[in-house]
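Got the model open in front of you? Let's walk through it together, one question at a time.

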Amino acid sequence: MVLWSTSLLHIASLCFFINTSPSNSFQATTSRDTHTSISLATESNHDSTKKIQTAALLENAKEIDSSLASGNAVGDFCENTWSNRLGTVLTPVAKGVYTGDRPFYWNKIDVGGRMCVIQLDDGNLWVHSPIDFDEKTANALKELGNVKYIVSPNYEHLKYARQWSEKFPEAFMWGCPGLSQMLPEIEWEGEIPYGLTRPSESDNLKNCWDFDVIVPLHLNMETNPFTGKPFFNEVVFYHKPSKSLITTDIYWNYPQKDGIPNSHLEGSNDDHGLAPTVGSIPLGTRLWKFGMDKIYLPFYKRLMINDKQRYEDVVTMIVDEWEIETSIPCHGDVIRGREKIREVLTRHFKIN
Ligand SMILES: [Fe+2]
């Protein structure tokens, strides 16, 4: 996080001249009455399906947290803030998918941090971007299964990798390309193959999960202009059974001032109790959001993408090929609903 933050400050000082005008690409609508009524009916079905799904997840959350089970609106793990809206040690976000939402402070600014845990069919757990270890988290994980794979997905989310490798010595540590050189003190099992686009392209890796279940995609199209090396060098993941996208620093979704989840994404703040509204977002976090949205993102698109064709291919795969129903970013709020996610990601990745 320190390296990233330092680089970001450099970037910030150079980027105020960049003109940012994110376009709004909303779904096309038809004026024909018949089509409109069909569209509304479909939307309504989607809404009720989503409601049923989130209700089931909330029931699951009650099994993990006694406070929720006794009828409270938030859990008893910690105070609920924007970086852990439900105040739970682990929060169910999709079938077999849980997150550990925690505050993460940089210079007293809470930039948020989210670990993702996926239950595999064999009862083992796949852990993405681990958070600071504590016994409550360990006990909650024990209820879910056995920690078998721990993944460090990019060059920045490394702070707790060593800690988790020591706490779970039997687990296999996997990292993005280049990570074993960066952190040689950790006993890595391996790195996601460089430039991997499709599962079929990987060799038969030992002690690795099934890439057809949790699909990795390496974003090998960036260069940090200050170092000449990849900046985040991230691998993003798509969990096929739950249709979940897991991103670290290539996509974020910080809340705006009002504390309502996804209030900046029209029609997408109905999490039915899984993500309660919190008090106003701290000034530092709002400034951080501004820096990421208005300074870093345009800088990344204009000056860090070294292979535009590869970038387009990667975006096409994420936006068009993966049928994402739940977006799980490490920073900011979860988003549900395929069309909404498609619209949001299209806007985020679009090069003007
Ligand atoms: Fe990050």
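Q: In what order do the strands of the five-stranded open sheet line up?
A: Keep in mind that this is a predicted model. Five strands make up this open sheet, and their pairing is mixed. At its edges sit β10 and β14 (335–336), each pairing on one side only. Reading across, the order is β10-β11-β12-β13-β14.

Q: Is strand β11 (residues 235–239) largely enclosed or not, and why?
A: Look at both faces: V235, F237 and H239 point one way, V236 and Y238 point the other way, and all are buried. To count as buried, a residue needs 20 or more other C-beta atoms within 10 Å of its own. Because five of the five residues of β11 are buried, the strand is largely enclosed by the rest of the structure.

Q: Which residue in β11 is the bridge partner of H218?
A: Strand β10 (residues 214–218) and β11 run antiparallel, joined by five bridges. One of the pairs puts P216 with F237. For H218, the bridge partner in β11 is V235.

Q: Which residue in the turn between β11 and β12 has a positive phi?
A: β11 also pairs with strand β12 (residues 244–247) through three bridges, and these two run antiparallel. Across that pairing, Y238 stands opposite L245. The two strands form a hairpin with four residues between them, and the turn residue with a positive phi, about 55 degrees, is K243.

Q: Which strands are the edges of the seven-stranded sheet?
A: Over in the other open sheet, the order is β1-β2-β5-β6-β7-β8-β9, with mixed pairing. An edge strand pairs on one side only, and here that fits β1 (91–94) and β9 (190–191).

Q: What is the handedness of the crossover from β6 to β7?
A: β6 and β7 run parallel and are joined by five bridges. One of the pairs across them is V127 with I150. The chain gets from β6 to β7 through α4, and this β-α-β crossover is right-handed.

Q: Which helix does the chain pass through on its way from β7 to β8?
A: β7 and β8 run parallel too, with four bridges between them. Here the bridge partner of I150 is M173 in β8. The crossover from β7 to β8 is right-handed, and the helix on the way is α5 (residues 161–167).

Q: Which residue in β9 stands opposite W174?
A: Strand β8 (residues 172–175) and β9 run parallel, joined by two bridges. Opposite W174, in β9, you'll find G190.

Q: At what angle does helix α4 run to β5?
A: Helix α4 (residues 135–144) lies across β2 (97–102), β5 (113–119), β6 (124–128) and β7 (146–152). Among these, β7 is mostly covered, with five of its seven residues buried. Relative to β5, α4 runs at about 25 degrees.

Q: Which residues touch the most other members of the largest nonpolar core?
A: In soluble globular proteins, nonpolar side chains tend to be buried together. The largest nonpolar core here has 64 residues. The ones touching the most other members are V117, V127, Y149, I150, V236 and L245.

Q: Which residues is V117 in contact with, leaving aside its neighbours within four places in sequence?
A: V117 is one of the core residues that touch the most other members. With those sequence neighbours set aside, its contacts are L90, Y98, G100, L125, V127, L141 and L144.

Q: Is S200 buried or exposed?
A: S200 has its place in the loop between β9 and β10. S200 is 12 residues from D212 in sequence and 8.4 Å from it in space, C-alpha to C-alpha. Since 12 or fewer C-beta atoms within 10 Å is the cut-off for exposed, and S200 has 8 others in that range, it counts as exposed.

Q: Over which residues is the pLDDT below 50?
A: The chain averages a pLDDT of 88, and 86% of the residues score at least 70. Where pLDDT is low, the predicted coordinates should not be read in detail. The stretch with pLDDT below 50 has 38 contacts in the model beyond near neighbours in sequence, and it covers residues 1–41.

Q: How many helices and strands are in the chain?
A: Zooming out, buried residues make up 38% of the 352 residues. Of the contacts with a separation of 6 or more, 56% link residues 24 or more positions apart. The chain holds nine helices and 14 strands.

Key
Residues are numbered from 1 along each chain as its sequence is written. This is a predicted model: local features need pLDDT of at least 70, side-chain atom pairs count only at pLDDT 80 or more; totals for chains, interfaces and linings use all residues. A nonpolar core is a set of buried Ala, Val, Leu, Ile, Met, Phe, Trp, Tyr and Cys residues joined through C-beta atoms within 7 Å. Two residues are in contact if their C-beta atoms, placed from the backbone, lie within 7 Å. Two strands pair if DSSP finds at least two bridges between them. Axes are lines fitted to C-alpha atoms, for helices over the stretch in contact, and angles run from 0 to 180 degrees between N-to-C directions. A crossover is right-handed if, with the strands pointing away from the viewer, the path from the first strand over the helix to the second runs clockwise. pLDDT is the predictor's confidence in each residue, from 0 to 100.
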